Amino acid sequence: MALLKILIFPDQRLRTVAKDVLDINEEVKALCNDLLETMYEGNGIGLSATQVNIHKRILVVDVSEEKDSPMIFINPSVEVLGQEEKTYGEGCLSVPGFFEEVSRPAKIKITALNLGGEEFSIEAEDLLAVAVQHEMDHLDGKIFVDFLSNLKRQRIKQKLIKISRTAV
Ligand code: QAP
Ligand code: CO
C-alpha cells in the first residue's frame, strides 16, 4: 500500500478526461487500495484516480460514520432518477480548505464494475449520491468549483496558488 500525491486545483492535469479500465489487473487492484488509503489519510469521503494523476475511470468512496465501508467503482456511469435536486456543502481533497454549496440530482442509479470485473448497480441518495457525482465529475476533468461563480472560483484559485508558492 502507498500514499499517493494529490493534485491541487488549479493544476491543469485535473482537467484530463480519464479512460475506461480495460483489464482489472493487479496494478488496478493496487491502485484501488492506494486510493482508499490516500482518501482515509486525508480524512476524505471520496477520491478519484484523476486526483492522483492516473487517468483511469476509477473512484472510491466511504460515506460511513465509522469509515469502515469502502466502495470501489470502476468504469462508473450514472442515471439520474427523478427531478429533485439537493444542495450540499462540498469540499474536495484537491481544493483543500474550501467548502461551498453545490446543487445536484438527489437520486441516482450507479452502474459500475467491482474488483472482480462484475457489473453491479445501486441506487443512491443523500451523501453517497453527492460523493459519487462529485467523483464522477473528476473523471471527466470537472471540479466542484466549476459550479461556483467566476468570482468565487477565481478567489479560491488565487488563494491556493499563493499557498502552493509559500509551501515550496
Ligand atoms: C467529495 O471530498 C465530496 O478541504 C469528497 O481540508 C464532497 O472527501 C463528497 C476534505 C462533499 C461528498 C460531499 C476537504 C478534507 C475532504 C478539505 C472530500 C479538507 C479536508 C473532501
Ligand atoms: Co474532489
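**Exercise 1. State which residue just after helix α2 takes a positive phi, and then check the length and burial of the helix.**

Solution. In this predicted model, the residue to find is Gly141, whose phi is about 80° and which comes just after α2. Turning to the helix itself, α2 covers residues 126–139, and its 14 residues, at 1.5 Å a residue, should span 20 Å. The C-alpha atoms at its ends are 21 Å apart, which agrees with that expectation. For burial, the criterion is a relative accessible area under 20%. Of the 14 residues of α2, 12 are buried, so the helix is largely enclosed by the rest of the structure. Among the buried residues are Leu128, Val132, His134, Met136 and His138.

**Exercise 2. Identify the protein donors of the cobalt ion (ligand 2) and locate Cys92 and His134 along the chain.**

Solution. The protein donors are the SG atom of Cys92 and the NE2 atoms of His134 and His138, which lie 2.0 to 2.2 Å from the cobalt ion. Written along the chain, the donors of this ion follow the spacing C-x41-H-x3-H. Cys92 sits in the loop between β4 (85–90) and β5 (100–105), whereas His134 belongs to helix α2, so that this pair, 42 residues apart, links distant parts of the chain. Both Cys92 and His134 are buried. As for the spacing of the two histidines, an α-helix has 3.6 residues a turn, so residues three or four places apart point the same way.

**Exercise 3. Work out how strand β2 pairs with β1 and β3, and which residues stand opposite Val60.**

Solution. Begin with β1 (residues 46–48), which pairs with β2 in the antiparallel sense over three bridges. Here Leu47 is the residue opposite Val60. Next take β3 (residues 71–80), whose pairing with β2 is also antiparallel and runs over four bridges. In β3, Ile72 is the bridge partner of Val60. Finally, consider the side chains of β2 (residues 58–61): Ile58 and Val60 point one way, Leu59 and Val61 point the other way, and all of them are buried.

**Exercise 4. Classify the aromatic pair in the structure and describe the burial of Phe73 and Phe120.**

Solution. The structure holds one aromatic pair. The ring centres of Phe73 and Phe120 are 5.7 Å apart and the ring planes stand at 40°, so the pair is tilted. Because Phe73 lies in strand β3 and Phe120 in strand β7 (residues 119–124), the pair ties together parts that are 47 residues apart in sequence. With a relative accessibility of 0%, Phe73 counts as buried, while Phe120, at 23%, counts as partly exposed.

Key
Residues are numbered from 1 along each chain as its sequence is written. Chains are lettered from A and ligands numbered from 1 in the order in which they are written. This is a predicted model: local features need pLDDT of at least 70, side-chain atom pairs count only at pLDDT 80 or more; totals for chains, interfaces and linings use all residues. Side-chain values use heavy atoms; hydrogens and water are left out. Helices (H or I, at least four residues) and strands (E, at least two) are DSSP runs, numbered from the N terminus. The expected span of a helix is 1.5 Å times one less than its number of residues. Buried means under 20% relative accessible area, exposed over 50%, partly exposed in between (1.4 Å probe, protein chains only). Two strands pair if DSSP finds at least two bridges between them. Donors are N, O and S atoms within 2.8 Å of the metal (3.2 Å for Na, K and Ca); water is not among the atoms, so sites may look incomplete. Rings of Phe, Tyr and Trp (its six-membered ring) pair if their centres lie within 6.5 Å; planes under 30 degrees apart count as stacked, over 60 as edge-to-face and the rest as tilted.
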